[in-house]
Amino acid sequence: MKLVADSIKLHYEDNAVLKGADLNVDTGELVGLIGPNGAGKTSLLKIMANLIKADSGTVQLDERPLAQWSHKQLAKSMGYLAQGAPAHWPLKVERLVELGRLPHLETWQRAGKKDHAAVQLAMKQAEVEHLADRSVMNLSGGERLRVLIARMFATEPVVILADEPIAALDPYHQLHTMELLLDHCKRGGSGLVVMHDLNIAARFCHRLVLLHEGHVLCDGKPQEVLQPKLLAASYGIDAKLIETDSGLMVMPKARVST
Amino acid sequence: MKATNLHVPYLPLLASLFILMVLLFTIALSTGPTDINLATGWQDWINSKTSLDAMIFSEIRLPRALLALSVGATLGMAGAALQGLLRNPLAGPGLVGVSNCAALGAVIALYFGLGHMFWYAVPMMGMLGAGLSVLLIFALAGQQSGVMTLILAGVAVNAVASSLISLALNFAPNPYAMSEMVYWLLGSIANRSLNDFAISIPFMLTGWLLILSSGRFLNALSLGEETAQSLGFNLARYRSLVVIGVALAVGAAVSVSGNIGFVGLMVPHLLRPLVHNEPGRLLPLSALGGACMVLAADITVQLISPDNELKLGVITALVGGPFFLYLIIRTRKSML
């Protein structure tokens, strides 16, 4: 399934957040959405997840505008992972992961075998099986995020939209999460991931989209996007780029004085 | 909020509360100043045979116990629903603004002495007040509004209604009407008839159904509004569903019973740890718990003051006030 956003514009009061951003995610592709704070990454992601409405521009999934999809159908096809992994009540982990099956159930329908299997598989993939009976409030930030990732996988979505899924994780689980997303893409899904860790983005994403002040500054392979000039123009940093055996490395050296 | 590790299976939990409710219901039926034989009363009433037992059973005991059950269930479930909707353990059914408007409607009926002309004047006016308040709240807040706007509109409507109640009390036509209004406001289910139950139960049932059908939405909401939306729930629609459900049920309950405070606050809070804080599962559980609590409170009222001087609403407030204080102190601690 192809997700395409076309000339998206959005403003909050006097503040133009997105000024005509284009972005597409192809089948099997893991796309990293990068850019400095306030560039409009989260807003663009939410518009593409049909959570907020753009002032103008269209988003199409599988060549149909999002408005033509039913809430249920869209919820089955797109998985969304919110920033900061909120959980407002101390729910039991397993029950929280089960919430991911809600798009597949009618109002009074009980969860069946297929649903339980999906929940178990998602918990296994995210390595949170041992937490199943714990309360989500007693978990560390990283554990909680993994539980919420399991919740998202339990939905069995085709397109995953994740807002900073690795921000609170240790390096082991950062790698693990990115591998999970890559596996998802290999199985025919796709993903759009907002992230700040440029090294991990360079290593795992097939393509990077650099957002700056509501515009897409550059869209292409990691090597094409992660260039000193572009990083200086967007992030305002002087960065050294090092080619290593295991991929491109970005080393921020100093802030660019403006 | 302290997380607990109680492992209570859900269905047996529901079943045991249900049994407790039936038990309390039976005790409520057998409690009263006169000793009657319940079985004879029931049989005589069914066979439309006039006997003292049948009269006491059908005109005093049964309506009172049925109202305790349904009003309690409404308050418990509505409290759980609002706490889930606001994701806040300090919310109660009064927040939506319906209860004071229902009370205002009833007070107006008492003010003009309508209650003595038509038996249905007080509950009908109460429900009219409740209905108008919902229209007013949605007109004030708008259809697409967030939860906070809805609640603020509710608080505003509540405040206006409460000031109008004061006005009515201030200009009460005679001391008798005045005491009638004051006693009604204290909250009681004594001296109600089966008609009061019949007139309010359809609204309560509809409200329950609306609330229960949004149980999964409330579950999803514990992951935040955006995630709930991404799970396929139309936020505006489900929000209205909960608010209208609460308004219908609470409006009908208050119309027949007056204000019975704190039940909707206490019951969900006490039961929440037993279902691992799951808002959806808490709804039916709180309904049963609320029914048990009001039945027990009403039995207590009759035992400690058989001449019906002590009102039900007073005893729930006496227990509920300190409980609310305790809750605030505990919540504050866990938030620090």
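Which residue in strand 2 of chain A is the bridge partner of A:Leu10? In this predicted model, the partner is A:Leu18. That pair is a good place to begin a tour of the structure.

**A hairpin in chain A**

A:Leu10 and A:Leu18 belong to a wider pairing: strand 1 (residues 3-12) and strand 2 (residues 15-25) of chain A run antiparallel to one another and share eight bridges. The two strands make a hairpin, with two residues between them. If you look at the turn, you will find A:Glu13, whose phi is positive at about 50 degrees.

**A buried alanine**

Next, move along chain A to the loop between strand 6 (78-81) and helix 3, where A:Ala87 sits. Is A:Ala87 buried or exposed? With a relative accessible area of 11%, A:Ala87 counts as buried, because the cut-off for buried is under 20%. Setting aside neighbours within four places in sequence, A:Ala87 is in contact with A:Leu96, A:Val136 and A:Met137, and also with B:Ser222 of chain B. A:Met137 lies 50 residues away from A:Ala87 along the chain, yet their C-alpha atoms are separated by 7.9 Å.

**Two pockets**

Now for the empty spaces. The table puts the largest pocket beside the second largest.

| Pocket | Volume | Nonpolar lining | Polar lining | Charged lining |
|---|---|---|---|---|
| Largest | about 830 Å³ | 14 residues | seven residues | eight residues |
| Second largest | about 520 Å³ | nine residues | seven residues | four residues |

The largest pocket, at about 830 Å³, is lined by 29 residues, and the closest to its centre are A:Arg95, A:Arg110, B:Tyr10, B:Arg216 and B:Arg281. Both chains supply helices to this lining: helix 3 (93-98) and helix 4 (113-125) of chain A each give two or more residues, as do helix 1 (10-30), helix 9 (194-213), helix 10 (215-221) and helix 14 (279-304) of chain B.

The second largest pocket, with about 520 Å³ of space, has 20 lining residues. Closest to its centre are B:Leu110, B:Glu180, B:Trp184, B:Asn191 and B:Arg192. Which elements of chain B each supply at least two residues of this lining? They are helix 5 (114-117), helix 6 (121-141), helix 8 (175-186) and helix 12 (235-257). Helix 8 of chain B provides the largest share, with five residues.

Notes
Residues are numbered from 1 along each chain as its sequence is written. Chains are lettered from A and ligands numbered from 1 in the order in which they are written. This is a predicted model: local features need pLDDT of at least 70, side-chain atom pairs count only at pLDDT 80 or more; totals for chains, interfaces and linings use all residues. Side-chain values use heavy atoms; hydrogens and water are left out. On a 1 Å grid over the protein atoms alone, a cavity is a set of points where a 1.4 Å probe fits but cannot get out, and a pocket is an open set with protein on both sides within 12 Å along at least five of seven lines; lining residues have an atom within 4 Å of a point. Grid points are joined across faces, edges and corners, and a volume is the space filled by probe spheres set on the points. Helices (H or I, at least four residues) and strands (E, at least two) are DSSP runs, numbered from the N terminus. Ala, Val, Leu, Ile, Met, Phe, Trp, Tyr, Cys and Pro count as nonpolar, Asp, Glu, Lys and Arg as charged, and the others, Gly among them, as polar. Buried means under 20% relative accessible area, exposed over 50%, partly exposed in between (1.4 Å probe, protein chains only). Contact means heavy atoms within 4.5 Å. Two strands pair if DSSP finds at least two bridges between them.
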